[in-house]
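Colleague: I would like to go through this model with you. Where should we start?

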Amino acid sequence: MSSKRRYLPVLLMAASSCSFSLVAESPAAQPLTSVQQIRGLTPEQATRGLQIHVRGIATTVSGWKNSFFFKDKTGSISVNRDERDIKIRSGDLVDIEGITDPGLFAPTIVAKHINVIGSASLPYAPLVTFSRLQGGSEDSQWVAVRGTVRSVDIVKMWEPTVASL
């Protein structure tokens with residue numbers, strides 16, 4: 001009986017320090033600050049609408065509603081936004097505050113505030129193979145492809161006109 005009493009305070013202290021540590025490191029306490037952190041979320045985690053604050057370059061307007069693709073030094077991601085009064089162009093350096101969303105294929109950002117802070121040259125786009133594109137791992141990434149275009153349709157989608165290859 002006395003040996004159980006001796007270990008009980010140690011177990012309680014370990015349990016209380018673990019729960020304190022979890023609260024102190026909660027994602028809600030600090031915004032996610034990189035695309036890699038956001039894309040590393042599970043769909044369940046991204047559904048929580050975790051706070052984000054990222055800075056990088058708008059690579060291209062997607063043609064899907066009011067979204068665009070964004071790249072920081074850790075990767076690329078799709079950004080959906082409500083703000084229509086701020087015109088985003090390829091090469092804009094942007095500061096984004098918002099929340100996470102699970103997206104259709106990978107986690108995305110829902111921007112609550114976007115500030116255009118400058119412009120830059122578009123980053124290098126690595127050449128990827130068709131088989132790599134099929135796996136979905138390159139979703140939203142800034143890449144180059146090589147191939148033959150067999151047809152082009154010009155489609156009016158929401159506001160922008162899009163060339164569908």
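Modeller: With a term. Two strands pair if DSSP finds at least two bridges between them. Keep in mind that this is a predicted model.

Colleague: In which order do the strands close into a barrel?

Modeller: There are 5 strands in the barrel, and their pairing is mixed. Neighbouring strands of this sheet are turned by 50° against each other on average, direction ignored. The order is β1-β2-β3-β5-β4.

Colleague: How many bridges join β4 to β5?

Modeller: Strand β4 covers residues 92-101, and strand β5 covers residues 108-119. The two run antiparallel. Pairing needs at least two bridges. Here the number is 10.

Colleague: Which residue in β5 is the bridge partner of Val94?

Modeller: Strands β4 and β5 are joined by bridges. For Val94, the partner in β5 is Val116.

Colleague: Is Val145 buried or exposed?

Modeller: Val145 sits in the loop between α4 (130-134) and β6 (153-156). Exposed means over 50% relative accessible area. Val145 has 55%, so the residue counts as exposed.

Colleague: And Phe130, buried or exposed?

Modeller: Phe130 belongs to helix α4. The cut-off for exposed is again over 50%. Phe130 has 61% relative accessibility, so the verdict is exposed.

Colleague: What accessible area do Phe130, Leu133 and Val145 have together?

Modeller: These three residues form a nonpolar patch on the surface. Patch members need over 30% relative accessible area. Together, Phe130, Leu133 and Val145 have about 310 Å².

Colleague: What separates the C-alpha atoms of Phe130 and Gly147?

Modeller: Along the chain, Phe130 and Gly147 are 17 residues apart. In space, their C-alpha atoms are separated by 9.0 Å.

Conventions. Residues numbered from 1 in each chain as written. Predicted model: local features only at pLDDT ≥ 70, side-chain atom pairs only at ≥ 80, totals over all residues. Heavy atoms only, no water. Helix = DSSP H or I, 4+ residues; strand = E, 2+ residues; numbered from the N terminus. Axes fitted to C-alpha atoms, helices over the stretch in contact; angles between N-to-C directions. Patch = residues over 30% accessible without salt bridge, like charges linked within 9 Å, V, L, I, M, F, W, Y side chains within 5 Å. Areas by Shrake-Rupley, 256 points an atom, 1.4 Å probe, with all protein chains shown as cover. Salt bridge = Lys/Arg side-chain N within 4 Å of Asp/Glu carboxyl O. Buried < 20%, exposed > 50% of the residue type's maximum accessible area, 1.4 Å probe, protein only.
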